[in-house]
Amino acid sequence: MNKEKLYGKNLNELIAVTKRLGLPGFTARQIADWLYKKEISSIDEMTNLSKKTRETMATDFEIGLTNPESSAESVDGTKKYLYKVLNNKYIETAYIPEDDRATICVSSQSGCKMGCIFCMTGKQGFQGNLSCNEILNQFRSLPEFRKLTNMVYMGMGEPLDNLVEVMKSLEILTSEWGYGWSPTRITVSTVGLLAPVKEFLEKSRCHLAVSLHSPFDEERKKLMPVQRTNSVKDVLDIIRNFDFNSQRRISFEYILFEGLNDTPRHIKELARILNGIKCRINIIRFHEIPGSEFKSPGIAETIRFKEALNAKGIFTSVRTSRGVDIQAACGLLSTLEQNKPVA
Ligand code: SF4
């Protein structure tokens, strides 16, 4: 019989567990403390619970941590880990060390429904939503867990298409009974699903990154089918009408494709549609994937594009390419693993 996993439960769910076990309500906070502050890996380590209680708990429950199956390390220090989830599917988690920070990039789904044509994960199709346990396990079971300073939901899948589990994971990361992280250390990326963006902005204080990739509807539709039903102009309206505090950051991700979305016409339209929004643009260099004709423009053209946007008053930076030698494009490594012939 599969045991229920305690790791990944929020305080209300832990209260329900204590009720089931006939324990006093305050025990839920003690269990949260063991799970998220004292970082135990077995129920037997919860030594402020009686031995009998721990034994009863272990009949139906387990902590539920899973180590990565394999890893690859880049010459630049970036590491990619493969975790097994759902039914023998693989997801990718990246560890990205920089000067004064160490970021984890987590996946929120196995595969993805959004079908962005430049994305390897999109080509996998959709295999399932990750549970809160599977999302946070990538963080807790990362060998570099104790070094982490930041977290981005930019791995496989569309986080806001798995809103309930993603929001629960954010609650555990940022609550005082959980990891107690500042929401400003966490960024959630989205293609811009309208209702979930609104809910995310209202219910969390974490940063939001919207994948833009073109300011023109027709061009964006070709790159990102989601534009047909969730227009980025409507996303911008939601953002414009939201009352932001000074701590919260809105950014737009922009993968630059040579000859496609890197012209002066794009710069002008980007400046027009983002007018009045306090935001930044992150330019991302395209990592080639098999079967794709897209190309990344050269460094000089990329810098020119960035400077032109800065000159228009939009703070723009170019994200350094990391892990190029270890299948940097998200979804490549897991696709290779999933397609391996069975021995
Ligand atoms: S870019 Fe993101 S949203 Fe688009 S298909 Fe890939 S994983 Fe899904």
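How many residues of domain 1 are in contact with how many residues of domain 2? Let's work through that and a few more exercises together.

This is a predicted model, in which local features need pLDDT of at least 70, side-chain atom pairs count only at pLDDT 80 or more, and totals for chains, interfaces and linings use all residues. Residues are numbered from 1 along each chain as its sequence is written.

**Exercise 1. Describe how the two domains meet.**

Step 1: Start with the bounds, which come from an automatic or database domain assignment. They give domain 1 (4-62) and domain 2 (70-338).

Step 2: Count the residues that touch. Two residues are in contact if their C-beta atoms, placed from the backbone, lie within 7 Å. By that rule, eight residues of domain 1 are in contact with 12 residues of domain 2.

Step 3: Find the main contributor. On the side of domain 1 that touches domain 2, helix 2 (residues 27-37) gives the most, with three residues. Helices (H or I, at least four residues) and strands (E, at least two) are DSSP runs, numbered from the N terminus.

Step 4: Add the spacing: the C-alpha centres of the two domains lie 34 Å apart.

**Exercise 2. Locate the largest nonpolar core.**

Step 1: Recall the terms. A nonpolar core is a set of buried Ala, Val, Leu, Ile, Met, Phe, Trp, Tyr and Cys residues joined through C-beta atoms within 7 Å. A residue is buried if 20 or more other C-beta atoms lie within 10 Å of its own, exposed if 12 or fewer, and partly exposed in between, with C-beta atoms placed from the backbone.

Step 2: Look at the membership. The largest core has 80 residues, and I31, C105, V166, V188 and Y254 have the most contacts inside it. Helix 6 (residues 163-174) supplies the largest share, six residues.

Step 3: Place the core. Domain 1 and domain 2 both give residues to it, so it lies between them.

Step 4: Zoom in on I31, which touches L6, L14 and M46, not counting residues up to four places away in sequence.

**Exercise 3. Compare two helix pairs.**

Step 1: Set the rules. Axes are lines fitted to C-alpha atoms, for helices over the stretch in contact, and angles run from 0 to 180 degrees between N-to-C directions. Angles under 35 degrees count as roughly parallel, over 145 as roughly antiparallel, 65 to 115 as roughly perpendicular and the rest as oblique.

Step 2: Take helix 5 (residues 132-140) and helix 6, whose axes come within 8 Å and cross at roughly 45°. Helix 5 is therefore oblique to helix 6. Here C132, I135 and L136 of helix 5 meet E165, V166, K168, S169 and I172 of helix 6.

Step 3: Turn to helix 7 (residues 194-203) and helix 9 (residues 232-240), which pack at about 20° with axes 10 Å apart. That angle makes helix 7 roughly parallel to helix 9. L194, V197 and K198 of helix 7 meet D234, V235 and I238 of helix 9.

**Exercise 4. Decide whether Y95 and L208 are buried or exposed, and name their partners.**

Step 1: Y95 sits in strand 5 (residues 89-97). Y95 is buried because 23 other C-beta atoms lie within 10 Å. Beyond four places in sequence, Y95 is in contact with T78, K79, I104, L142 and E144.

Step 2: L208 belongs to strand 11 (residues 207-211). With 24 other C-beta atoms within 10 Å, L208 is buried too. Leaving out residues up to four places away, L208 touches V188, T190, F200, L201 and I250.
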